[in-house]
Amino acid sequence: MSNVLLIEDDATIRTSLTRGLRDRGHAVSSASAALDGLRLAVEERPDLIVLDLGLPDLDGLDLLRMLRAVSRIPVIVATARDGDAEMVRLLDAGADDYVVKPFSAAQLDARIRAVLRRAGESRTDSSVTVGGLRVDPRTREASLDGAPLDLSPKEFDLLHYLAARPGEVITKRELLTHVWQIPYGGADKTVDVHLSWLRRKLGETSSEPRYLQTVRGVGVRLAAPV
């Protein structure tokens with residue numbers, strides 16, 4: 001049984017989804033406003049959050065960013081906005097998946113099980129060491145020469161994906177697919193920005209790389225300094 005936090009302002013939808021998810025074996029708590037949802041997320045530490053975007057006190061996308069600043073709890077966004085640009089924004093902000101309204105409790109249950117399955121698989125990964133760099137996906141901690149690195153959730157995901165394939169050239173499209181779950185192009189700038197932030201925290205630059213080496217026109221690889 002999983003503990004699900006449902007943040008949804010529509011009472012009818014909230015009641016229907018709560019009943020449907022409980023019938024499928026989930027424990028469900030709920031909030032009708034963003035700040036109440038944030039408080040419950042911090043206090044209750046649910047296994048997963050279902051987040052509606054149209055909240056009365058705060059835009060759901062802003063709440064998603066606030067959640068990602070303090071937690072890696074998986075988040076499924078429920079939205080009526082189905083454009084590609086909107087989906088990219090949501091995934092880029094840290095959503096693990098999304099469902100487009102209207103949807104049933106059965107559809108949501110399937111999404112929840114898939115997201116939690118992926119989360120469970122990632123927690124069983126072993127730590128990776130490349131030179132003086134150590135990345136542990138179980139604790140989501142990384143260190144360089146013994147000193148901890150202060151990484152955002154997405155910076156950690158990017159670093160772990162590259163470190164798990166030392167010396168392998170990874171394309172931006174592959175990074176978008178596996179780190180951001182965006183199975184198409186058009187967001188290369190996102191990868192470039194996060195690589196730049198990672199380089200800064202690793203104490204290097206694109207002109208003087210140590211671990212992150214750009215292969216022009218192909219992608220990037222992470223390897224121990226020579």
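In this predicted model, the side chains of Asp97 and Arg111 come together in a salt bridge, with 2.9 Å from N to O. Asp97 belongs to strand β5 (residues 97-100) and Arg111 to helix α5 (residues 105-123), so the contact ties together parts that sit 14 residues apart in sequence. The two partners don't share the same kind of surroundings: Asp97 is buried, its relative accessible area being 12%, while Arg111 is partly exposed at 35%. The cut-off for calling a residue buried is under 20% relative accessible area, so Asp97 with its 12% falls on the buried side. As a general point, side chains of opposite charge can pair when their charged atoms come close.

That contact is one of twelve salt bridges in the structure. Another one joins Lys172 to Asp192, and here the closest N and O atoms are 2.6 Å apart. This pair, too, links distant parts of the chain: Lys172 sits in helix α7 (residues 172-178) and Asp192 in helix α8 (residues 188-201), with the two positions 20 residues apart in the numbering. Neither end is tucked away by the accessibility criterion, as Lys172 is partly exposed with a relative accessible area of 29% and Asp192 is partly exposed at 31%.

Arg138 and Asp136 make a further salt bridge, their closest N and O atoms lying 3.3 Å apart. Here the acidic partner is the buried one: Asp136 has a relative accessibility of just 7%, whereas Arg138 comes out as partly exposed at 47%. With partly exposed running up to 50%, the 47% of Arg138 keeps it out of the exposed class. Charged contacts also go beyond simple pairs, since Glu8, Asp52 and Lys101 are linked in a network of salt bridges.

Turning to the start of the chain, strand β1 (residues 3-7) and strand β2 (residues 27-31) run parallel and are joined by five bridges. Among the paired positions, Ile7 has Ala31 in β2 as its bridge partner. Between these strands in the chain comes helix α1 (residues 11-23), and together β1, α1 and β2 build a β-α-β unit with right-handed geometry.

Key
Residues numbered from 1 in each chain as written. Predicted model: local features only at pLDDT ≥ 70, side-chain atom pairs only at ≥ 80, totals over all residues. Heavy atoms only, no water. Pairing = 2+ DSSP bridges. Helix = DSSP H or I, 4+ residues; strand = E, 2+ residues; numbered from the N terminus. Right-handed = clockwise from strand over helix to strand, strands pointing away. Salt bridge = Lys/Arg side-chain N within 4 Å of Asp/Glu carboxyl O. Buried < 20%, exposed > 50% of the residue type's maximum accessible area, 1.4 Å probe, protein only.
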